[in-house]
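Open the model in your viewer and set it to show cartoon and side chains. Keep a selection box at hand.

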Amino acid sequence: EHAAEAAAAGEAAAKAAAASGAEARATALYAHPACLLHTAPVGREYDALSPAEARRLYGQPECAERLRTMLAPYGSLRAARFAPLLRRVAPRAQLADVLRAAQCRISRRLGACEGRVVGMPRRRVHEFSYYDALRRQCAGLAEQSEAEPAKPAIGRVDTDTEVTAHSLVAALHAAGGAVQAVADVCASPRRARNAFCAVRPPGHHAGPRGAVGGQSAGFCLLSTAAIGAAYALACRREVVRRVAILDYDVHHGNGTQECVRNVRPTERVESFSAAGATLRLSRVECKPWLSEEDGDNVFFGSIHGFGEEGGGGGQFYPGSGGPVDQSAEPSVINSPVGLRTPSAQWRRFMSEKLLTPLAAFGPDLVIISAGFDAHAHDPLEAGALLDSDFEWMTAELVGLAERCCDGRLVSLLEGGYQTAGGPLASLGRAAAAHVAALMDPTLVGVPWDARACGERLESGIAAAAEWRAARATAATSAAAAPAETQEDGSSRRSKRSRTDVDYTALQAEIEAEEGGGA
């Protein structure tokens, strides 16, 4: 019901914006109720499970509560300041969008791409075998649920990634939201200046065949960022010749990187052991989204945590994108940082290692894989960022999009798992800071400049240092305040200093001020 109300309100806002010609300057928000059904109890099963059982069965960090933190009636993106958002329903992606950037019908009258598909799939993001296995698994779980509605039907893609009967539909709506957002920001006339897709499951660990490099798929099913980028290149080529994906989730976007690398000729080596011998097979694969020049027209950059986790010597998931894992291709740039890297260092790394090369690349569309799990209060405890850091990163990327591509930017929700506290949880607050920066009218038409970015960076770091120093001074003063003695002789600390007040003198001072003002 809440989703239907939000959709109706969003459509009304969209019509009003269209009538006033404001769509081209507005931020669109895409979501779909199906995304709440992935790995969640539904129907009779929901009624049969106690809250404790539901948490036990569906208690993975990537849960439906993440979206409610932002989109429920009390969600962080339902505050009054977000009323101007164009709230739109994320459609279901076509199979052609998932498997490849589809051929587009060319209009003789317009001489431009109309954006829907004809012909057979040729250029793939995901392999059909992977998609079909996922489809069959979810269909089997749907049959189980139908046979025993009150019994949980949960499957596993791998050790981390669970699916239910509704998971593929949710993933298709997540991918469809990315495709529709790209279509709207690239339309002529524009249907949105930029967009945020509040969808799940996330996608940046899903490669062409799912999990990458022997790791788990990390809660991901379809690579939404790659699907949106491939659609832009193939179906919006009157506007988009070069597309950039920037990922600031605390985990390396190894799946997106694999999809991007797949557009270049890549050697694949497989090993098989049998009868005491090892057979190695090598082949060269290349699956461009539009043409053989895709490798020069797609940029992927990631800033993420990297290093040992805990005291056991294990690497932080997924263990890729490290200093020795740099790509030879200029269009793939990884910027690994240590776990719990403080704000100032994170910002400097992002500015120097990612924003400057991204500006030099000159994209026609910027896609953000927006993960909020680098927040200091996220339960993963792998980051040290604050709400203001996500606001800063977003503002810089908005400015860069203003400089390179008339503000065309699409943001996709990836990680971020702190939901306790609802809209006040770190996920809700960080997402709100992110969307507020997307909506900021003062950023429209202000192109990004590396020198100005550096000045803002150092100014922000200095202001934060001053605030921390003032806070430390206040804490020291409070600690040094004399204890207040109670009637029973005990003492207690007070938040404020308690000194004797001469009320006669105070009254005279007030009267004098009032008389002077008259």
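The tour below goes through one strand and its neighbours, then a set of salt bridges. The model is a predicted one.

**Stop 1: strand S16**

Select residues 409-413, which form strand S16. Is this strand enclosed or open? Five of its five residues are buried, so S16 is largely enclosed by the rest of the structure. Now show the side chains. Leu409, Ser411 and Leu413 lie on one side of S16, Val410 and Leu412 lie on the other, and all of these residues are buried.

**Stop 2: the partners of S16**

Add residues 194-197, strand S7, which pairs with S16 in the parallel sense over four bridges. Pick cysteine 197 there; its bridge partner in S16 is leucine 412. Next add residues 365-370, strand S15, which runs parallel to S16 and is joined to it by five bridges. Pick serine 369: leucine 412 is its bridge partner in S16.

To follow the connection, select helix H12, residues 387-405. Together S15, H12 and S16 make a right-handed β-α-β unit.

**Stop 3: a salt bridge beyond S7**

How many salt bridges does the structure hold? There are 18. Begin with arginine 200 and glutamate 62, whose side chains meet in a salt bridge at 2.8 Å, N to O. Arginine 200 is in the loop between S7 and helix H8 (224-235), and glutamate 62 is in the loop between helix H3 (51-57) and helix H4 (65-71), so the pair ties together parts that are 138 residues apart in sequence. Both arginine 200 and glutamate 62 are buried.

**Stop 4: arginine 88 and its network**

Select arginine 88 and aspartate 184, which form a salt bridge with the closest N and O atoms 3.1 Å apart. Arginine 88 sits in strand S2 (residues 86-89) and aspartate 184 in helix H7 (residues 167-186), so this pair links distant parts of the chain, 96 residues apart. Arginine 88 and aspartate 184 are buried. Then add Glu23 and Arg191: with Arg88 and Asp184 they are linked in a network of salt bridges.

**Stop 5: back to H12**

Return to helix H12 and select glutamate 396, then arginine 456 in helix H14 (residues 450-480); the pair links distant parts of the chain, 60 residues apart. The two residues form a salt bridge, the closest N and O atoms being 2.8 Å apart. Which of them is buried? Glutamate 396 is, with a relative accessible area of 3%. Arginine 456 is partly exposed, with a relative accessible area of 40%.

How values were computed
Residues numbered from 1 in each chain as written. Predicted model: local features only at pLDDT ≥ 70, side-chain atom pairs only at ≥ 80, totals over all residues. Heavy atoms only, no water. Buried < 20%, exposed > 50% of the residue type's maximum accessible area, 1.4 Å probe, protein only. Helix = DSSP H or I, 4+ residues; strand = E, 2+ residues; numbered from the N terminus. Pairing = 2+ DSSP bridges. Right-handed = clockwise from strand over helix to strand, strands pointing away. Salt bridge = Lys/Arg side-chain N within 4 Å of Asp/Glu carboxyl O.
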